[in-house]
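Biologist: I should like to learn how to read a protein model, one feature at a time. May we begin with the whole chain and then turn to its parts?

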Amino acid sequence: MIRLNLQEDTSFEKLPVSVYANPEEASIVVASRIADIIRKKQLSGERAVLGLATGDTPIRVYKELIRLHKEEGLSFKNVVSFNLDEYYPMLPDAEQSYVSFMYNNLFNHIDIDKDNIYIPDGTLAVEDIPSYCIAYEERITELGGIDLQLLGIGRTGHIGFNEPGSGPSTDTRLVTLEDLTREDASSSFGGKENVPHQAITMGIGTVLRAKEIVLIAWGEKKGEIVQKAVEGEMSSDVPSTFLQQSNNVEFILDEGAAFKLTRFATR
Ligand code: F6R
């Protein structure tokens, strides 16, 4: 007997992908997954170590975490956070800094201990960056590793600021930004010419060491790169393809970001 497979064909997908109707629904799912880790760790008297991202994509996740704190009593007292990246050079109190982003969109609204917040320092002298990056990695290890790493994806295929060319065992380091990445950031800097050319970013190796990895993407603008990351061969041309190496990664997408996946594109 021939059985018709009425399920969507996910056989081209090289890592787990969940698709939600819209970013709001998906963000609630991601926030509740983060909240579950925090609560579970609280019960056993442990800290929860989170790897966090900036950009437009995680804003709704952070909004939901703030709501869970304000309305449902979720405490962040046991949370330690490591941000993925920061522009270089960058003053922490500049409007475009990832420090400002994180405080405005999350940290100012929850009860996290400010001493538990780690964001790469955009004010270092160049010669001090290598030892700073080693210490950043060591601190993550000392704290037991990242329990959940939240990621967005750039149109170059970057995760963190690991642009094309980045290998799977890269660690935290100073990198040069692609033209497309600087163009995508230009509106918040009042023109591409004001966007820094460099950044300090966790490496792909750093990300792959996290116990769980969740990559989120919304909108058709991300459709093409998401398809490459999910269905393409692993290659440093699209650094996010290296997430296929992880045993505990999930892409959480809205329908727009998923539209180029074979299961939808061939409908
Ligand atoms: C931000 C980061 C970047 C962004 C990516 C997508 O900390 O590491 O990889 O996640 O550029 O940015 P948005 O969400 O603005 O589309």
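Biologist: What percentage of the 267 residues in the protein do buried residues make up?

Modeller: Please note at the outset that the model is predicted. Buried residues account for 55% of the 267 residues. A residue is called buried when its relative accessible area is under 20%.

Biologist: How many helices and strands are there in the protein, and how compact is the protein?

Modeller: The protein has ten helices and ten strands. Its radius of gyration is 18 Å, close to the 18 Å that the globule rule gives for 267 residues, so the protein is as compact as a globular protein of that length. Along the principal axes, the C-alpha atoms fill a box of roughly 65 × 45 × 35 Å. Of the contacts with a separation of 6 or more, 79% are between residues 24 or more positions apart.

Biologist: Let us turn to the sheet. In what order do its seven strands lie?

Modeller: The order is β1-β10-β9-β6-β2-β3-β5, in an open sheet with parallel pairing. The edge strands, each pairing on one side only, are β1 (17-20) and β5 (117-118). Helix α4 (residues 129-142) packs on this sheet and touches β3 (79-83) and β5; the direction of α4 makes about 150° with that of β3.

Biologist: Over how many bridges do β2 and β3 pair?

Modeller: Strand β2 (residues 48-52) pairs with β3 over five bridges, in the parallel sense. Within this pairing, Val 49 has Val 80 of β3 as its bridge partner. Elsewhere in the sheet, β6 (residues 148-151) and β9 (residues 212-217) are also parallel, and four bridges join them. There, Leu 148 stands opposite Glu 212 in β9.

Biologist: Why is β3 described as largely enclosed by the rest of the structure?

Modeller: The reasoning rests on burial: five of the five residues of β3 are buried, so the strand is largely enclosed by the rest of the structure. Val 79, Ser 81 and Asn 83 point one way, Val 80 and Phe 82 point the other way, and all are buried.

Biologist: How should one read a helix such as α1, and which residue caps its N-terminal end?

Modeller: One may compare its span with the expected one. Helix α1 (residues 23-43) has 21 residues and reaches 30 Å from its first C-alpha to its last, close to the 30 Å expected at 1.5 Å a residue. The N-terminal end is capped by Asn 22, a side-chain oxygen of which lies 3.2 Å from the backbone nitrogen of Glu 24. After the helix comes Gly 45, with a positive phi near 65°. The buried residues of α1 include Val 30, Ile 34, Ile 38 and Lys 41.

Biologist: Now for the loops. Is Ser 166 buried or exposed?

Modeller: Ser 166, in the loop between β6 and β7 (173-176), is buried, because its relative accessible area is 7%. Its side chain reaches the backbone oxygen of Glu 163 at 2.6 Å and makes a polar contact with the side chain of Arg 173 at 3.2 Å. Beyond its neighbours within four places in sequence, Ser 166 is in contact with Arg 173, Ile 204, Ser 236, Pro 239 and Phe 242.

Biologist: And is Glu 193 buried or exposed?

Modeller: Glu 193 is exposed, with a relative accessible area of 63%. This residue is found in the loop between α6 (186-189) and β8 (198-201). Glu 193 and Glu 183 are ten residues apart in sequence, and their C-alpha atoms are 9.0 Å apart in space.

Notes:
Residues are numbered from 1 along each chain as its sequence is written. This is a predicted model: local features need pLDDT of at least 70, side-chain atom pairs count only at pLDDT 80 or more; totals for chains, interfaces and linings use all residues. Side-chain values use heavy atoms; hydrogens and water are left out. Helices (H or I, at least four residues) and strands (E, at least two) are DSSP runs, numbered from the N terminus. The expected span of a helix is 1.5 Å times one less than its number of residues. Buried means under 20% relative accessible area, exposed over 50%, partly exposed in between (1.4 Å probe, protein chains only). A polar contact is a pair of N or O atoms within 3.5 Å; within protein, one must be able to donate a hydrogen and the other to accept it, and residues adjacent in sequence count only if both atoms are side-chain atoms. Two strands pair if DSSP finds at least two bridges between them. Contact means heavy atoms within 4.5 Å. Axes are lines fitted to C-alpha atoms, for helices over the stretch in contact, and angles run from 0 to 180 degrees between N-to-C directions. The radius of gyration is taken over C-alpha atoms; the globule rule is 2.2 Å times the number of residues to the power 0.38.
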